[in-house]
Amino acid sequence: MRTDTSPAILRSNYAPPNYLVDTVELGFDLDPALTRVAARLTMRRNPDGRSNEIVLYGDAVELVALRMNGKPLTRRAYRLNGGELHIPNAPDEVTLEIETALQPDANTSLMGLYVSNGNFFTQCEAEGFRKITWFPDRPDVMARYTVMLRADKRAYPVLLSNGNLVEEGDLGDGRHYALWEDPFMKPSYLFALVAGKLVCQEERITQPSGREALLQVWVEEGNLDKTQHAMDSLVNSIRWDEARFGLELDLDRFMIVAVGDFNMGAMENKGLNIFNTKYVLANPRIATDADYANIEAVVGHEYFHNWTGNRVTCRDWFQLSLKEGLTVFRDQEFSADMVGTDSGRAVKRIDDVRVLRQAQFPEDAGPMAHPVRPDSYVEISNFYTVTIYEKGSEVVRMYQTLLGRDGFRKGMDLYFERHDGQAVTCDDFRAAMADAGGRNLDQFERWYSQAGTPRVTVATRHDIEAGTYDITLAQSCPPTPGQKTKLPFHIPVKVGLLAATGADLPLVLEGEDAASAPTTRVLELTEASQTFRFTGIEGKPVPSLLRDFSAPVILEYDYSDDELAFLMANDSDPFNRWEAGQRLATRRLLTLTRMVQDQEPMRETTANLETYTAVLHKTLDDATLDPSFREMVLTLPSEGMLAEQMDVITPQEIHTARQFMRRLLARTLRNELVQLVDLNQTPGDYSPDALSAGKRGLKNVAMLYLSELDDTDTHAMAQAQYDQASNMTDRIAALSALQNSSAPGRQDALERFYTEFEDEPLVIDKWFALQATSPATDVAAVRALMRHPAFSMKNPNRARSLIFSFCNGNPSRFHAADGSGYRFWAEQVIALDAINPQVSARLARTLDRWRKYAPALQSQMQDALQRVAATPKLSKDLSEVINKSLA
Ligand code: 0A1
Ligand code: ZN
């Protein structure tokens, strides 16, 4: 067993830097095998620093020369310990010259400077800049950068960095140069360079202030037919930030560059965003509606970082959610506004909450649970989590819920007024919100400091005689690693009360004036338990609780089936309308799962499915509801969601129960489903707009249900759609329906699909993912796919499309009783770690909740984890995850 663990970094140990950097001049002589970097930093003592010792960080970067104020530093003048270089007794004003040498083509970690398909790219967040040169690589050190790039002109005709291009020219000997100057101070994690054979689509815009800007989307040659949507998304993002937050683009030039090898989604480097191709390239032939929506969201997200992250950045990495939670909130609002309609907004909200519940709630209940503002980490890359991003966004959303939209905007304005150009903390953000809103938000701080998902239990009491209705809210939060007990949170609980007619009742709290009472209101739960009394309530109402999912909590209330069916049919809050359906379905599915566990035959009647199918009938027939909303209602809770509801997870039984329910729904709703397929065709030119996408979504969900029937009619339906599809959404849905059946054409379709899209890596990713997630694919089949010539472990998208998709998206096969899935997982985690620690550490997360599973599975999972733990030379990234999982 491995015992050498890297030390944890503690938030409580934060100290300001001893030296500040005013200017950074970087010179790159780019060569894939050996790149030389010359850095010149002008530094001065920080009045808030603790000593006159300069601290620089470096990671696997060769130090060729080091000079201070013009003189070489002797080996005795500085101390090197691991990744830190200390220069004690430095003068107050210092110019450091540092020369380093790197091998970009050997860099498979995709951090720092690396090569992808022959072009150079960088990734510096969080701590990648130290792989390029020794530097005070911490976000609270902000400086002005000038960057000189030199490279072979034929191989690297395009040379890009942050800011403005001030000069370019030839150097003779086949080489050329470009000089870039960034007018804004920035931390090193926002530095970027790109060099290679690239082409761009560009557009010029004028902003309300009259300022003009050049927008560019750079891609490899041959992909210029796939950039329009990213460009449109960028223009829409710019317009939206002006309108909603009064924030303009502050640059003359804003560039997006697509790269095929990338660890994450995209990166907000100042003026030079670098994107995973997955979030840039789209045309109807290769991209689905979901891809189009994701591109819009990610382009928005990175653009919005220009203010929330770049103009105002983080003091230290514990504050990561300051920029990420806020920016996710902004991109979610942007996407919702782009849809426009109320039910469209609700669908976006449902989508976001699904991600939260499916990924963040489990994280918050497992060994990697951490607060939105963590107290410690071993490897910061492991903290780009759903808690920091998605829960962080919910925390920001709660400010808006508490302060109102205008109050929130005032808070944002004050935040920028106070902190533009600074590196700040989550507390600074909260203070701006509190001060602008004139509210005390001290208790709200617990959302940042306490991990775990709070549970809110609701009890109600109707007094017919008095005409009062009491809602009692009680909160608790389970223990998480390092935090045994929790103090009460400040929780906004949005509620409504429905009369028997289905109409919303006016909500008058005891002691209030009845005039102009609202029908939805926010109850602020701040104590362990509180009762809110409503007056003037004659008949017994049905409560609609946590409308629009107003807080990231688990809400428990003992609804009857009839009440849920009633809410599903009547609630004016579309989120809760959907939620009621999910609660009903979950109940039925858990009952069925128990039947499978007890080896009882699953029966429709004992599972009490009639109430649920009856309301589904009604909802599906209701043409006044958005197609995308109906699609959501028709979609059963995922196997992962169901697992979360169980004390002991048994994946096979969940799968069997859910499949039973799918088949049953397909049989019961057959006529409606066929009709939905017919009525929701989208002939003509493809458009990714919300209505058309919604129609395709509804139609394809219906088709997938029908494929469960596995008869000649449904085979023919899927085959016809496959043959006639004019866009990737319809094509991949039909392919998936075919794979889900015994249709004679299924193998042929799969092969034809491959041949047709052989040259489109993003589509081949879909081809691998589709097979990896099919319940027909077992470990042996995945191993066979790994031998396919198109498979590669080195490309993160490809590794994710096959290995991650199987381990995370095919529970019934991954959790095979013989443990073969877990052994496969251990092998792949180990293999990936030698290539790319960020990727291996992500895959490692798949087993972090092993203690939740049935004993027979648990012990095999533990064996697999221990096998990884016993492997020599694990990365810091991976050992942190494995150690915490086994702790
Ligand atoms: N700040 C980026 C996410 C990101 C983080 C680390 C990376 O390193 C591999 C890359 C990207 C965002 O939120 O979009
Ligand atoms: Zn971000």
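**Exercise 1. A buried loop residue**

Which backbone oxygen lies 3.0 Å from a polar atom of the side chain of N162? Place N162 in the fold and describe its surroundings.

*Solution.* The structure is a predicted model.

Step 1. The backbone oxygen is that of L190.

Step 2. The side chain of N162 also reaches the backbone nitrogen of A192, at 3.1 Å.

Step 3. N162 sits in the loop that runs between β13 (158-161) and β14 (164-172).

Step 4. The relative accessible area of N162 is 2%. Buried means under 20%, so N162 is buried.

Step 5. Leaving aside residues up to four places away in sequence, N162 touches W180, E181, D182, K186, L190, F191, A192, N269, K270 and L272.

**Exercise 2. A second loop residue**

Decide whether I132 is buried or exposed, and list what I132 touches.

*Solution.*

Step 1. I132 belongs to the loop between β11 (119-123) and β12 (142-152).

Step 2. Its relative accessibility is 0%, so I132 counts as buried.

Step 3. Residues up to four places away in sequence are not counted; the contacts of I132 are then F28, V37, V61, T100, L102, G112, L113, T122, C124 and F191.

Step 4. Take F28 from that list. I132 and F28 are 104 residues apart in sequence, while their C-alpha atoms are 9.9 Å apart in space.

**Exercise 3. The zinc site**

Name the residues that coordinate the zinc ion (ligand 2), and state the geometry of the site.

*Solution.*

Step 1. The coordinating residues are H301 (NE2), H305 (NE2) and E324 (OE), at 1.9 to 2.0 Å.

Step 2. The site has four donor atoms, with angles of 98 to 128° among them. Four donors count as tetrahedral if all angles lie between 85 and 135 degrees, and the site of the zinc ion (ligand 2) is tetrahedral.

Step 3. Along the sequence the donor residues follow the spacing H-x3-H-x18-E.

Step 4. H305 is part of helix α2 (residues 289-305) and E324 is part of helix α3 (residues 320-339), so this pair ties together parts that are 19 residues apart in sequence.

Step 5. H305 and E324 are both buried.

**Exercise 4. The surroundings of ligand 1**

How many residues surround ligand 1, and which are the closest?

*Solution.*

Step 1. Ligand 1 is surrounded by 16 residues, of which E125, E268, E302, E324 and Y389 are the closest.

Step 2. E268 has a polar side-chain atom 2.7 Å from a nitrogen atom of ligand 1.

Step 3. For E324, an N or O atom of the side chain is 2.9 Å from an oxygen atom of ligand 1. E324 also coordinates the zinc ion (ligand 2).

Step 4. Q123 has a polar side-chain atom 3.2 Å from an oxygen atom of ligand 1.

**Exercise 5. Two covered helices**

Check the length of helix α17 (residues 728-739) against its expected span, then describe how α17 and α11 are packed.

*Solution.*

Step 1. At 1.5 Å a residue, the 12 residues of α17 should span 16 Å; the end C-alpha atoms are 16 Å apart, which agrees.

Step 2. At the start of α17, a side-chain oxygen of N727 comes to within 3.1 Å of the backbone nitrogen of T729.

Step 3. Of the 12 residues of α17, 11 are buried. These buried residues pack against α2, α15 (690-707), α16 (712-724), α18 (746-757) and α19 (761-772).

Step 4. Helix α11 (residues 627-634) is mostly covered too, with seven of its eight residues buried. They are P627, S628, F629, R630, M632, V633 and L634.

Step 5. The helices that the buried residues of α11 pack against include α4 (342-364), α8 (561-570) and α15.

Technical notes: Residues numbered from 1 in each chain as written. Chains lettered and ligands numbered in written order. Predicted model: local features only at pLDDT ≥ 70, side-chain atom pairs only at ≥ 80, totals over all residues. Heavy atoms only, no water. Donors = N, O, S within 2.8 Å, 3.2 Å for Na, K, Ca; no water. Tetrahedral: all angles 85-135°; square planar, octahedral: opposite > 155°, others 65-115°. Helix = DSSP H or I, 4+ residues; strand = E, 2+ residues; numbered from the N terminus. Buried < 20%, exposed > 50% of the residue type's maximum accessible area, 1.4 Å probe, protein only. Expected span 1.5 Å × (residues − 1). Contact = heavy atoms within 4.5 Å. Polar contact = N/O pair within 3.5 Å; in protein donor to acceptor, adjacent residues only side chain to side chain. Near = heavy atom within 4 Å.
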